[in-house]
Amino acid sequence: MESAAGQEQGPPRRRFVLVHGVCHGAWCWYKVATILRSASHRIDALDMAACGARPGRADEVGSFEEYSRPLLDALAALPPGERAVLVGHSYGGQSLALAMQAFPDRVAVAVFASAAMPAVGKPMKFVSEQFAQERGPGFFKDCVIETVGDDPRRPCKTFLLGPEYMAERLYQLSPPEDLTLAAMLVRPSRQFVDDGTMNGEEVLTAEGYGAVNRVYIVAEEDAFWSPEFQRRMASWNPGTEVRGLEGADHMPMFSKPRELADLLVEIANKYI
């Protein structure tokens, strides 16, 4: 039904761009994407380079910017005047930051769901450096770090989540079938240790990254990084709205999909 002005009545339709974390892919959003699409929202669930169903190997991804290129291209392709709701999970928060810096006028709000949130004026690797001080020895359990590639002059390190680690630190409150799915689908991700974008102090500016509305969703039962560390990341960026999600492990799209989807819609309606 349309109004006299020719506009469709009913709840507004938003565009959500969903970005996965390390070793995962667009597939991890299948529950949240289904809920949002059923409410007529537009969903772009993306595979970063050499992730999910996207072809290629992790060692073929030359830089963090190249890794994040699918997100950067998605924002560049938005129709004139349209702004998206970016949602990043875990390591995907780093890609969100790069996209916010490049296209601040195309992002209505960036939502960090238990995600890495770097700080303006600091290298993006600042997050991992701070987190390294939080975890003890043996933290990564059966995860696998390998040196791969054909060029011995440029060694490439990749990281693959282990099933024991996933069960205990990421998916401990998620349905067992989702852990089984993840164990079948995770792929190695490149570690961008010496990447210029990750190491540069002037990559994230107040005029770019810092100018975008930001919301941090704290997974309150996260066994990867603590709720306290999540709130500390948010505190590095004054003006960030912080919302808690009770009963959520590190994978809130699996442990609390309905609650996460409802919260994303609430946030979108506030900022658009």
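Let me start with F140, which is partly exposed, at a relative accessible area of 26%, in what I should say at once is a predicted model. Its ring is paired with that of Y165, and because the centres are 5.6 Å apart while the planes stand at 35°, the pair is described as tilted. The two partners come from distant parts of the chain, with F140 in the loop between α5 (126-132) and β5 (144-148) and Y165 in helix α6 (residues 163-170), 25 residues apart. Y165, unlike F140, is buried, with a relative accessible area of 1%. Both belong to a cluster linked by ring pairs, whose members are F126, F131, F139, F140, F159, Y165, F224, W225, F229 and W236.

How many aromatic pairs does a search of the whole structure find? The search finds 21, and one that I would like to show you is the pair of Y67 and Y91, which is edge-to-face, with 6.0 Å from centre to centre and 65° between the planes. Y67 lies in helix α2 and Y91 in the loop between β3 and α4, so this pair ties together parts of the chain that are 24 residues apart in sequence. Y67 counts as buried, at 3% relative accessibility, whereas Y91, at 21%, counts as partly exposed.

If you now move along the chain to S68, you will find this residue in the loop between α2 and α3. S68 is buried, with a relative accessible area of 0%, and, once its neighbours within four places in sequence are left aside, its contacts are M48, S95 and L98.

Helix α3 covers residues 69-76, and within this helix the residues P70, L71, L72 and L75 are buried. What covers those buried residues includes the strands β1 (15-19), β2 (42-46), β3 (84-89) and β4 (107-113), together with the helices α2 (64-67) and α4 (92-102). Taking L71 by itself, and again leaving aside neighbours within four places in sequence, we see contacts with V17, V19, L46, M48, L86, S95, L96 and A99.

L71 also brings us to the largest nonpolar core, which has 86 residues, and in which F16, L71, L86, F112, L161, W225 and L264 have the most contacts. Which helix gives the largest share of this core? That share, seven residues, comes from α11.

Let us look at α11 itself, which runs over residues 257-271. Its 15 residues should span 21 Å at 1.5 Å a residue, and the C-alpha atoms at its ends are indeed 21 Å apart, so the expected and the computed spans agree. The residues of α11 that are buried are P257, L260, A261, L263, L264, I267, A268 and Y271. Why can we say that they line one face of the helix? Seen down the axis of α11, the buried residues fall within an arc of 165°, and therefore they line one face. As general background, an α-helix has 3.6 residues a turn, so residues three or four places apart point the same way.

From there I turn to A219, which sits in strand β8 (residues 214-219) and is buried, with a relative accessible area of 2%. Apart from residues up to four places away in sequence, A219 touches S114, P227, Q230, L245, A248 and D249. One of these, Q230, lies in helix α9 (residues 227-235) and is buried as well, with a relative accessible area of 0%. Q230 and A219 are eleven residues apart in sequence, and their C-alpha atoms are 8.2 Å apart in space. With residues up to four places away again not counted, Q230 touches S114, Y216, I217, V218, A219, D222 and W225, so to complete the picture, S114 is in contact with both A219 and Q230.

Finally, a word on the cysteines, since the structure holds zero disulfides. C51 is in no disulfide, and the nearest cysteine sulfur, that of C23, is 7.7 Å away; C51 is also buried, with a relative accessible area of 2%. Why is C143 not bonded to C23? The sulfur of C143 is 7.6 Å from that of C23, the closest cysteine sulfur, which is too far for a bond. C143, too, is buried, with a relative accessible area of 15%.

Technical notes:
Residues numbered from 1 in each chain as written. Predicted model: local features only at pLDDT ≥ 70, side-chain atom pairs only at ≥ 80, totals over all residues. Heavy atoms only, no water. Helix = DSSP H or I, 4+ residues; strand = E, 2+ residues; numbered from the N terminus. Buried < 20%, exposed > 50% of the residue type's maximum accessible area, 1.4 Å probe, protein only. Contact = heavy atoms within 4.5 Å. Disulfide = S-S within 2.5 Å. Expected span 1.5 Å × (residues − 1). Arc of directions from axis to C-beta. Core = buried A, V, L, I, M, F, W, Y, C linked by side-chain atoms within 4.5 Å. Phe/Tyr/Trp six-rings, centres within 6.5 Å; stacked < 30°, edge-to-face > 60°.
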